[in-house]
Amino acid sequence: MAETLKKGSRITGTAREKLAADLKKKYDSGASIRELAEETGRSYGFVHRMLSESGVPLRGRGGATRGKKASSA
């Protein structure tokens, strides 16, 4: 996936399956959706949809979580 895809071009058939497999492999190895979107020249939503269609379990958002603090006792 070295070359970026033409923005707005339709991706169908085997090209779409290959892209989905590449995105899945990179996402599973730790790349974020935003990194994948930038790398491919596609939108965040497009990459998110491709991963969802591929059945990839998406990671939760990072950062601090709200709620009770664990007691440090």
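A charge counts as sitting over a ring if NZ of Lys or CZ of Arg is within 6 Å of the ring centre and within 35 degrees of the ring normal. Keep that in mind for the first stop on this tour of a predicted model.

**Stop 1: R42 and F46**

Select R42 and F46 and show their side chains. The charged end of R42 sits over the ring of F46, and the distance to the ring centre is 4.3 Å. Now turn to F46 itself, which belongs to helix α3. Is F46 buried or exposed? With a relative accessible area of 8%, F46 is under the 20% cut-off, so F46 counts as buried.

**Stop 2: zoom out**

Switch to cartoon and colour by secondary structure. You should find three helices and zero strands, running α-α-α from the N terminus on. To find your way around, pick out α1 as residues 13-28, α2 as residues 33-40 and α3 as residues 44-53. The chain has 73 residues, and buried ones make up 23% of them. The next few stops visit some of these.

**Stop 3: from α3 across to I33**

Keep F46 selected and add I33, a residue of helix α2. Draw a line between the C-alpha atoms of F46 and I33: it spans 9.6 Å, for a pair 13 residues apart along the chain. I33 has a relative accessible area of 8%, so it is buried. From I33, draw a second line to L51. Here the C-alpha atoms are 8.9 Å apart, with the two positions 18 residues apart in sequence numbering.

**Stop 4: L36 and its links to D22 and L23**

Stay on helix α2 and move to L36. L36 is buried, at a relative accessible area of 1%. Add L23, and the C-alpha separation from L36 reads 7.0 Å, for two residues 13 apart along the chain. Then add D22, which lies in helix α1. Its C-alpha atom is 9.8 Å from that of L36, and the two are 14 residues apart along the chain. Don't let the acidic side chain fool you: D22 is buried as well, with a relative accessible area of 16%.

**Stop 5: T40**

Slide along helix α2 to T40. T40 comes out at 1% relative accessibility, and therefore counts as buried. What lies 3.3 Å from a polar atom of the T40 side chain? Select A37 and show its backbone: the atom you want is the backbone oxygen of A37.

**Stop 6: R59 over Y27**

Next, select R59 and Y27. R59 lies over the face of Y27, 4.0 Å from the ring centre. If you're tempted to hunt for ring-on-ring partners while you have the aromatics displayed, save yourself the trouble: a search of the whole structure turns up zero aromatic pairs.

**Stop 7: the largest pocket**

Leave R59 and Y27 on screen, since both are in the lining of the largest pocket. Which other residues complete that lining? Add S32, I33, R34, Y44, H48, G60 and R61 to the selection. You will recognise I33 from Stop 3, now as a lining residue. Helices α2 and α3 each supply at least two residues of the lining. Colour the selection by class and you get three nonpolar, three polar and three charged residues. Turn on a surface to see the space the lining surrounds, about 200 Å³. That's the end of the tour.

Notes: Residues are numbered from 1 along each chain as its sequence is written. This is a predicted model: local features need pLDDT of at least 70, side-chain atom pairs count only at pLDDT 80 or more; totals for chains, interfaces and linings use all residues. Side-chain values use heavy atoms; hydrogens and water are left out. Helices (H or I, at least four residues) and strands (E, at least two) are DSSP runs, numbered from the N terminus. Buried means under 20% relative accessible area, exposed over 50%, partly exposed in between (1.4 Å probe, protein chains only). A polar contact is a pair of N or O atoms within 3.5 Å; within protein, one must be able to donate a hydrogen and the other to accept it, and residues adjacent in sequence count only if both atoms are side-chain atoms. Rings of Phe, Tyr and Trp (its six-membered ring) pair if their centres lie within 6.5 Å; planes under 30 degrees apart count as stacked, over 60 as edge-to-face and the rest as tilted. On a 1 Å grid over the protein atoms alone, a cavity is a set of points where a 1.4 Å probe fits but cannot get out, and a pocket is an open set with protein on both sides within 12 Å along at least five of seven lines; lining residues have an atom within 4 Å of a point. Grid points are joined across faces, edges and corners, and a volume is the space filled by probe spheres set on the points. Ala, Val, Leu, Ile, Met, Phe, Trp, Tyr, Cys and Pro count as nonpolar, Asp, Glu, Lys and Arg as charged, and the others, Gly among them, as polar.
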